[in-house]
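Dear colleague,

I am handing over the structure we discussed, and my notes on it follow below. Please read them with the model open beside you.

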Amino acid sequence: MDPVTLRVMANALRAVAEEMEAAMVRAAHSPNITERRDCSTALFDAAGRMVVQSASIPVHLGAMPEAVAAVIARGAAPPEVWIVNDPYRGGTHLPDLTLVSPVSLDGTVAGYAVTRAHHADVGGMSPGSMPAGSRELVQEGLVLPPVRLVGADGAPTDILDVILANSRTPAEREGDLRAQLAAHRLAQARLEEVAGRYTPPAVAHAMAELLAYAERRTRAEIAGMPDGRYTAEEFLEGDGVTDAPLAIRVAVEISGDRMRVDFAGTDPAGPGNCNCPIAVTRSAVYFVVRCATDPDIPASAGAFAPVEVVAPEGSLVAATPPSAVAGGNVETSSRIVDAVFAALGQVVPLPAQGQGTMNNLTLGGNGFTYYETLGGGQGASPDGDGPSAVHVAMSNTRNTPVEVLEVAYPLRVEAHRVRRGSGGAGLHRGGDGVERRVRALVDMEASVIAERRARGPRGAAGGGDGAPGRTTVNGVTVPAKWRGRLAAGDVLGLETPGGGGWGAAPG
Amino acid sequence: MIGGGAAADRLGVVGVDVGGTFTDAALVAGGRLFTAKVPTRPDDQSAGVVDAVARVLEAAGIAPNALARFAHGMTVGTNALLEDRLAPAALVATEGFGDVLELRRQDRAHLYRLGEHHPPPVIPHDRVAEVRERCGPDGVIVPLDPASVDAAVARIAGMDVRAVAVCLLFAFAHPDHERTVGAALRAALPGVHVSISADVLPEIREYERASTTAVDAALTPVLRGYLHRLGARAGEAGLPAPEIMQSNGGLIDLAGAADHASRTVLSGPAGGAMGAAGIAAAAGIPLALTFDMGGTSCDVALIRDGEPGRTGGTVINGRPLHLPMLDVVTVSAGGGSIAWADSGGALRVGPRSAGARPGPAAYGHGGTEPTVTDANVVLGRLAGAGALGGAIRLDAGLAEAAVARLAGQLGMEVAACAEGIIRVANQEMARALRLVSVERGIDPRGGAVIAFGGAGPLHACEVADDIGAARVLAPAAAGVLAALGLVTAGERRDRTRTVLVPLAEAARLHGPLAELVAGARADLPGATLTVAADCRYVGQRHALTVDWVEEGADPAALAAAFHAAHERRYGEAVPGHPVEVITLRVAAARPGSPLPPPVPGAEAPLCGPVAIPMDGATCWVPAGWTAVRDAGGSVDVRRDGTEGAWTP
């Protein structure tokens, strides 16, 4: 394909994925999607390879292909829309509901549209479906293997009723699912328009060329990294059931234009919920690859083709049923990033460790569930200070505005500020974390899944560590993974970690 | 006859638009249009403005005191924001929330470039003072502590600031605390400008409201200085007091503009959109897309029935600015955009631009990288001494050499590479046109593209092809359309307020609506009022703005309009679902002066491919399109074989 058509088609397809996301965000009901934008969209080719993805949430990067493969295996046909959240059959963790629909051009399946959104409640043992301390998957919510949400007649199936009956907030779920379906309708319409401008075979050809293009560019970047084997290890601070550290060990091997990332030696899956299905582990590795290469390369199957991820079956990073996974997607994924950064950072300029946690807070009670993640300090890099008060790795969700939050929920935010001085010292300072205190106005259940409460993010090249985070209830520190009840008037406080510094501080 | 109103018939109306390179004037007097172009004076734009007026008055042979109105569009505010030339300002916030500007919405600046920072807050954290108070959704929770106000005022008095922004939680619904703090600041700090969030933007979401208020505060002293100089120069020259174009497409008097700088941040692009809207209305085009392509950027907007689309806000240099404004989308693609080959072998255009210096290779000012302009020169679409208004001579050899180097890297023929550069650039601009039409639920295929700016008419037909439109209109005044928009613009004032009222309890809307209406009447006595409401389904978070035809009308009509809008935008409506009103919007408008309809010309149609020279621009008519020039010099191009096509 000529260099011009390649670029024109790349733009056209990217525009479809981005418009899908914009439509979903605007039509959705929950603050989790509309304000925080915890969602992604993508287009896949007919063979199930990701061609373009809207740039939003890195943890969705590598995890969508498994969902599409699972749906293709079931023989999906237009105008069906399939839904899946089972982490062992294409999902990540249960609140992420992934919809997959075949897109047809001239009567044949030309590709697949995918939307993934974090739903605020899919049932399970605690409101918000992010229970600290869960021990098996079924405690975390309704498990959906790939099934039809929209049937051959184009109408919603009975599965919708099952989903709504299993959520504490059915109206919000229905609104959010409608928004996802609107994005799928848009994908069909827009791809038809693109095919109308360039013909369906041209679209198929362009998809293949785009994958080859991204692969070519990624290989060229990897070839520029020094060959060798680089290792690192990281420890999770318990998993909500055990307080013992859980080890993640990684070896990154660069050989010519290929990269192999091997997690041999990683601990077996833990008894709690910080286990990762392999799809999440792949996402974490792909995120590091994107940070270490030119981010202008499209996020596609081609970009990840030169990267091989291997992990021991049944380990913390390649969990098997019935291990619980709610925290793996959000916390272990961050720790995997830290491990791979530490390994690859030995030969590629990468920043010091950032906060390394999403500080997941879930509150729920009579008729409401509220989920929030909080930003913190980014690690400093060789050429500057780390940014403060941002998400640093696998998430990039926004916060819920205080005014929106207080209109929607029986909560009052007492303070929200930058945690000054929490970034690690150094030639370049780590970014600062944040502090947020929330008062419950009615009795409610609370769950916090966090990391970096014992040891702060490490500095690099002689830089100091960032300050560890802290979770409190009425001023009293609680564990990194904590679940309990708040009485009306109780105040839950989150102080998020600062980023590591880079280079020894002068003088 | 151009220029409405009895007074304006006898007297002239002048509009002056300041661009990056040129300051343009358009004067309508006695039904005739006169134009002038002078270099922009970067040190003091007001000097260039008065020069331009003098020049156009001379051309028309009339005296300054024969002008009825003097309308002005400017880029002072945009540039100050883009270049961080703002007045030192302080922020007063609710205790515990002083970092609101720094915390933003917590998403990082770049997903994968982890070291990248957002632009620093307009007001740094060491110039923030907190006051003890708290309001919630239902009203006051913690009364305003007078001692904390005194302490905040004393702290700010010790800072060397020229402005203060006040943004307290829930002030959009409960503004009393902000007003008390504002009064204390004004009393203690004469000469310091104070912006209150409840005045600037009484809408929910504290970060966006604080950001808008901070921009308003820090920009107002800068803008006020400029407007003061302009007013003085106009007075010395015997001109009427200038009226200023706002981001919402309406004019405001000098004092109103000087009160709140945030109103006029997008003054320049609004003038262009209004000019195009005037052209569309005069030509009887119900659906038009404006396409204003210059050297470094391209502005597009949607026009329906002569009215530009509107939006509730934008982001400039990383700072949200949430105010009623024309929905003008800017992409960084222009004649100066540089083409390059990426490491994967794809042809890319922009976002880097050669700017005015060195400019495209063809300018001969030392530029060696191929630009969109160079590609046009290679293909012979921009030729002759008059191609760029005669101001710049184009060197085809230099253009060809630059494009040839890139063609070599990509393994392409030179002409194919030049065509490719134009295709890639066109697609980027077509994407912007889709954004303001398709993504807003409007099908652009039945519309006309109104092309202006130095490069607009050169690219418009191919861009129209890309979006499926079959007509392009390149107005004779394409080079000064923003100035013409100022001449034709009316006055407009917007007022908004977040109310959060379920439509089932519509009676609760009457109080706030009556206040907004009274305020709008006071803003512009005798003006026509329009009412709109941002609505959503109960449970949704984002709202759609729906026109509420008659003020105080039946809520059922509003609900029906909302269901229809939702269907148009998202492909579905949920008629049984309850609806709520988030924000009320009241606009007061006095109409401007319509342009006369085009007069048919006597020339034969011109079949593409052909380049038609215009005043200050070139209109490129590709194969498959046919152009007709009217008596006024405007070029109307239609795609062959479509309804309304020209028959040669």
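In this predicted model, the centres of domain 3 and domain 4 of chain B, taken over C-alpha atoms, are separated by 33 Å. Chain B is divided into four parts, with domain 4 covering 491-590 and domain 2 covering 87-220, while domain 1 (6-81 + 224-246 + 255-265) and domain 3 (266-357 + 378-392 + 424-485 + 603-648) are each assembled from several segments.

Chain B also holds an open sheet of four strands, in the order 6-5-9-10 and with parallel pairing. Strand 6 (128-131) and strand 10 (193-196) of chain B stand at its edges, and because each has a single partner strand, one side of each is left without a neighbour in the sheet. From one strand to the next the twist averages 20°. Strand 5 (residues 89-94) of chain B pairs with strand 6 of chain B over four bridges in the parallel sense, and B:Leu91 has B:Val128 in strand 6 as its bridge partner.

Two helices of chain B can be placed against these strands. Helix 5 (residues 146-157) of chain B packs on the sheet, where it touches strand 5, strand 6 and strand 9 (163-167), and its direction makes about 170° with that of strand 6. Helix 8 (residues 206-236) of chain B lies across strand 5, strand 9 and strand 10, running at about 165° to strand 9.

Turning to chain A, there are 10 helices and 19 strands. Its radius of gyration is 22 Å, close to the 23 Å that the globule rule gives for 507 residues, so chain A is as compact as a globular protein of that length.

With best wishes

Methods: Residues numbered from 1 in each chain as written. Chains lettered and ligands numbered in written order. Predicted model: local features only at pLDDT ≥ 70, side-chain atom pairs only at ≥ 80, totals over all residues. Pairing = 2+ DSSP bridges. Axes fitted to C-alpha atoms, helices over the stretch in contact; angles between N-to-C directions. Contact = placed C-beta atoms within 7 Å. Domains from an automatic or database assignment. Rg over C-alpha atoms; globule rule 2.2 N^0.38 Å.
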